[in-house]
Amino acid sequence: MFKRRKSLASERKREIFSRGVTRSMLKNDLRNFHCLSQLVLSAGPLKSAPVVKHSKTAHFEIEILDAQTRKQICIVDKVVQTSTIHDVKQKFHKACPKWYPSRIGLQLERGGPFLKDYITIQSIATSSIVTLYFTDLGQQVSWTTVFLAEYTGPLIIYLLFYLRIPYIYDMKESSRRFCHPVVHLACFCHCIHYIRYLLETLFVHKVSAGHTPLKNLIKGCAFYWGFTSWIAYYINHPQYTPPSFGNRQVTVSAIIFLELTPVFQVQIITPSHGCFSWFHVLTTPTRLDHGLVSQS
């Protein structure tokens with residue numbers, strides 16, 4: 001009986017001890033949960049992981065063939081949709097340095113029109129591989145260079161005839177005969193005419209960044225320089241005779257020259273169907289003698 005009581009007492013103690021351990025564990029768990037909840041609340045709302053957006057930009061391959069032989073010259077790869085023909089020409093120049101961009105002509109088909117520099121690849125592409133035909137346009141010069149050469153030549157050439165250098169006229173006859181006042185007036189008007197054109201080309205005209213074949217520069221210079229040499233030879237010749245009607249004819253001619261000279265003129269040159277056209281923005285009546293030669 002005593003042993004049984006003793007065993008019951010020990011079981012009761014064991015039960016009480018287990019309850020105490022369980023309560024202490026629950027308190028510790030509650031304390032840990034409370035600390036964890038405080039930590040989560042202080043960290044703020046959970047942020048979702050950033051979604052990586054994969055680029056869907058399409059790239060093209062430009063196959064460039066020779067327009068005459070149809071042989072492949074090079075392939076320009078990794079060309080984006082927004083790239084232009086000008087960008088393709090730049091990459092083509094890097095692959096083939098002997099052809100600089102201004103002398104590169106690209107066509108969609110043989111014998112077709114040359115593609116403008118501002119055309120995008122996306123507008124002409126029908127698949128991921130675009131075939132273009134290359135034509136060498138030859139040596140190119142800028143339009144500003146063409147105008148400066150055309151206008152500088154007549155200015156210098158006329159002054160050489162006006163000074164009557166010995167290689168043009170007979171020295172004895174030149175020294176024996178004096179220049180008529182109208183000769184000086186003609187030289188003044190001629191110089192003012194071409195100096196004005198040079199200043200307009202440098203400071204007034206808005207010239208596009210276009211180019212033209214070198215042969216067009218030669219044609220323009222041959223016309224301007226040749227015509228100036230022809231009229232300068234006779235006007236500045238030692239045997240030159242004054243106008244038949246005297247000062248009256250000279251005065252009328254000077255007035256006409258001044259009225260045909262524009263007060264202010266702005267001209268814009270833009271490419272149009274393979275040639276360059278003049279668009280007058282602000283002008284007064286003037287004699288247009290700007291000889292523009294179409295590109296070929």
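Okay, so Glu200 is buried, with a relative accessible area of 6%. Keep in mind that we're looking at a predicted model here. Glu200 has company, too: its side chain meets that of Arg196 in a salt bridge, 3.1 Å from N to O. Arg196 is buried as well, at a relative accessible area of 14%. Both of them sit in helix 6, residues 181-204, and because they are four residues apart, about one helical turn separates them.

How many salt bridges does a search of the whole structure find? Three. You've just met one of them, between Arg196 and Glu200, so let me take you through Lys89 and Arg103 too.

Lys89 and Asp117 bring their side chains together in a salt bridge, with 2.9 Å from N to O. That one links distant parts of the chain: Lys89 belongs to helix 2, Asp117 to the loop between strand 3 and helix 3 (121-124), and they are 28 residues apart. Lys89 is buried, with a relative accessible area of 8%, whereas Asp117 counts as partly exposed at 36% relative accessibility.

Then there's Arg103, which forms a salt bridge with Asp136; the closest N and O atoms are 2.8 Å apart. Arg103 is in the loop between helix 2 and strand 3 and Asp136 is in strand 4, so this pair ties together parts that are 33 residues apart in sequence. As for burial, Arg103 is buried with a relative accessible area of 16%, and Asp136 is partly exposed with 36%.

Strand 4 brings us to the sheet. In what order do the four strands of the open sheet come? The order is 2-1-4-3, and the pairing is mixed. That puts strand 2 and strand 3 at the edges, each pairing on one side only. On average, neighbouring strands in this sheet are turned by 30 degrees against each other, if you ignore direction.

A quick bit of background: strands of a sheet pair through backbone hydrogen bonds, either parallel or antiparallel. Strand 1, residues 59-66, gives us an example of each. With strand 2, residues 72-80, strand 1 pairs in the antiparallel sense over six bridges. With strand 4, residues 129-136, strand 1 runs parallel, and six bridges join those two.

If you want one residue to hold on to, try Ile64. Which residue stands opposite Ile64 in strand 2? That's Cys74. And over in strand 4, the bridge partner of Ile64 is Leu132. Look along strand 1 to Ile62 and you'll find Val130 of strand 4 opposite.

One more thing about strand 1 and strand 2: their hairpin has five residues between the strands, and in this hairpin Arg70 takes a positive phi near 60 degrees.

Right, on to the aromatics. The count comes to 16 aromatic pairs. Take Trp99 and Phe134, which form a tilted pair, 4.7 Å centre to centre with 55 degrees between the planes. Trp99 is in the loop between helix 2 (85-95) and strand 3 (104-107), while Phe134 is in strand 4, so here the rings tie together parts that are 35 residues apart in sequence. Are Trp99 and Phe134 buried or exposed? Both are buried.

Next come Phe161 and Tyr233, an edge-to-face pair at 6.4 Å centre to centre and 90 degrees between the planes. Phe161 belongs to helix 4, residues 143-162, and Tyr233 to helix 7, residues 214-235, so the pair ties together parts that are 72 residues apart in sequence. Phe161 is buried, with a relative accessible area of 12%, but Tyr233 is partly exposed, with 32%.

There's also a cluster linked by ring pairs; its members are Trp143, Phe147, Tyr151, Tyr194, Tyr197, Phe223, Tyr224, Phe227 and Trp230.

Last stop: how do helix 4 and helix 7 pack? Their axes are 9 Å apart, at an angle of about 20 degrees. The cut-off for roughly parallel is under 35 degrees, and helix 4 and helix 7 are therefore roughly parallel to each other. Helix 4 passes helix 7 in a right-handed crossing. If you go back to the model afterwards, look there for Phe161 in helix 4 and Tyr233 in helix 7.

Terms used
Residues numbered from 1 in each chain as written. Predicted model: local features only at pLDDT ≥ 70, side-chain atom pairs only at ≥ 80, totals over all residues. Heavy atoms only, no water. Pairing = 2+ DSSP bridges. Phe/Tyr/Trp six-rings, centres within 6.5 Å; stacked < 30°, edge-to-face > 60°. Buried < 20%, exposed > 50% of the residue type's maximum accessible area, 1.4 Å probe, protein only. Salt bridge = Lys/Arg side-chain N within 4 Å of Asp/Glu carboxyl O. Axes fitted to C-alpha atoms, helices over the stretch in contact; angles between N-to-C directions. Parallel < 35°, antiparallel > 145°, perpendicular 65-115°, else oblique. Left-handed = near helix turned anticlockwise from the far one by under 90°.
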